[in-house]
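Reader: I work at the bench and I'd like a close look at one part of this model. Please take me through the aromatic residues and whatever surrounds them, side chain by side chain. Keep it brisk.

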Amino acid sequence: MAFGFVVPACEHRRIIAGSFSSFKFEGRAPAGAILARAFVGGVMQRAMMHRSDDEIISAVRDEFRELLGVDAVPAITEIRRWPDSMPQYEVGHLDRVAEIERIVAAIPAFAIAGAAYRGVGIPDCVRSGEQAADAIFEAVSPAP
């Protein structure tokens with residue numbers, strides 16, 4: 001059983017990813033139903049963000065039909081728009097991050113965390129936050 005999928009840009013599809021929240025988290029959908037999410041737009045498909053809700057729903061249904069064989073009419077649809085919500089790292093980003101981290105390291109009991117530095121995914125952000133918290137805790141804790 002898959003929890004989701006990413007659609008490579010070279011496929012030229014109208015969705016960039018899909019996930020099945022009810023497979024990942026029990027109770028997200030009634031018995032016998034599936035809660036599916038589709039991701040559209042992104043830096044490579046900005047035009048999708050300017051389409052109407054009905055056009056987006058139609059495009060997603062077409063893509064789910066073509067990619068997954070899903071013909072069922074959704075019981076509920078909801079559109080959430082999050083324009084420019086994911087950082088887009090440019091060439092040289094890691095060099096800039098290394099310089100920022102070098103400067104931050106010289107500031108006592110100070111740390112940085114978040115999607116702007118070394119990963120945009122939730123696990124990346126959690127790891128970043130934990131590392132920042134550990135560094136600050138170590139800096140302010142008395143030596144044994």
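Author: Start with Phe-23. Its place is in helix α1, which covers residues 21–24. Keep in mind that this is a predicted model. Is Phe-23 buried, exposed or partly exposed? It counts as partly exposed, because its relative accessibility is 30% and that class runs from the 20% limit of buried to the 50% limit of exposed.

Phe-23 has a surface role to describe. Together with Phe-3 and Ile-34, it forms a nonpolar patch on the surface. The three residues add up to about 290 Å² of accessible area.

Now the rings. How many aromatic pairs does a search of the whole structure find? It finds three. A pair of aromatic rings is described by the distance of the centres and the angle of the planes. Take Phe-5 and Phe-20. Their ring centres are 6.2 Å apart and their planes meet at 40°, so this pair is tilted. The reasoning is simple: 40° is neither under 30 degrees, which would be stacked, nor over 60, which would be edge-to-face. This pair also links distant parts of the chain. Phe-5 sits in strand β1 (residues 4–6), Phe-20 sits in strand β2 (residues 17–20), and 15 residues separate them.

Phe-20 pairs again, this time with Phe-23. The centres of these two rings are 5.5 Å apart, and the planes are at 40°, so this pair is tilted too. Phe-20 is buried, because its relative accessible area is 13%, under the 20% limit. Phe-23, by contrast, is partly exposed at 30%. Ring pairs join Phe-5, Phe-20, Phe-23 and Phe-64 into a cluster.

Two of those names lead inward. Phe-20 and Phe-64 both belong to the largest nonpolar core, which has nine residues in all. Its other members are Val-7, Ile-15, Val-40, Met-48, Ile-56, Ala-59 and Val-60. Which helix gives the most to this core? Helix α2, residues 53–68, does, with four residues. Look at Met-48 in particular. Leaving aside neighbours within four places in sequence, Met-48 contacts Val-40, Ile-56 and Ala-59, among others. Those three are core members as well. Met-48 also touches Arg-14, Gly-41 and Arg-81.

Arg-14 takes us to the charged side chains. How many salt bridges does the count come to? It comes to 11. One of them joins Glu-63 to Arg-13, at 2.5 Å from N to O. Glu-63 lies in helix α2 and Arg-13 in the loop between β1 and β2, so the bridge ties together parts that are 50 residues apart in sequence. Both partners are buried: Glu-63 has a relative accessible area of 3%, and Arg-13 has 18%.

Glu-63 has a second salt bridge to note, with Arg-14. Here the closest N and O atoms are 3.0 Å apart. Again the pair links distant parts of the chain, with Glu-63 in helix α2 and Arg-14 in the loop between β1 and β2, 49 residues apart. Arg-14 counts as partly exposed, at 26% relative accessibility.

A further salt bridge pairs Arg-65 with Asp-71, their closest N and O atoms being 3.4 Å apart. Arg-65 is partly exposed at 32%. Asp-71 is exposed, because its relative accessible area of 54% is over 50%. Follow the shared partners and one network emerges: Arg-13, Arg-14, Asp-62, Glu-63, Arg-65, Glu-66 and Asp-71.

Two reference points outside these groups round off the tour. Ala-75 is in the loop between α2 and α3 (93–105). Ala-75 is exposed, with a relative accessible area of 81%. From Ala-75 to Pro-30 is 45 residues in sequence and 11 Å in space, C-alpha to C-alpha. Gln-131 has its place in helix α4, residues 122–140. Gln-131 is exposed as well, at 53%. Between Gln-131 and the core residue Val-7 lie 31 Å, C-alpha to C-alpha, and 124 residues of sequence.

Note on methods:
Residues are numbered from 1 along each chain as its sequence is written. This is a predicted model: local features need pLDDT of at least 70, side-chain atom pairs count only at pLDDT 80 or more; totals for chains, interfaces and linings use all residues. Side-chain values use heavy atoms; hydrogens and water are left out. Patches are made of residues with over 30% relative accessible area and no salt bridge: like charges are joined within 9 Å, nonpolar side chains (Val, Leu, Ile, Met, Phe, Trp, Tyr) within 5 Å. Accessible areas come from the Shrake-Rupley method with a 1.4 Å probe; for residues, only the protein chains shown count as cover. A salt bridge is a side-chain nitrogen of Lys or Arg within 4 Å of a carboxyl oxygen of Asp or Glu. Helices (H or I, at least four residues) and strands (E, at least two) are DSSP runs, numbered from the N terminus. Buried means under 20% relative accessible area, exposed over 50%, partly exposed in between (1.4 Å probe, protein chains only). A nonpolar core is a set of buried Ala, Val, Leu, Ile, Met, Phe, Trp, Tyr and Cys residues joined through side-chain atoms within 4.5 Å. Contact means heavy atoms within 4.5 Å. Rings of Phe, Tyr and Trp (its six-membered ring) pair if their centres lie within 6.5 Å; planes under 30 degrees apart count as stacked, over 60 as edge-to-face and the rest as tilted.
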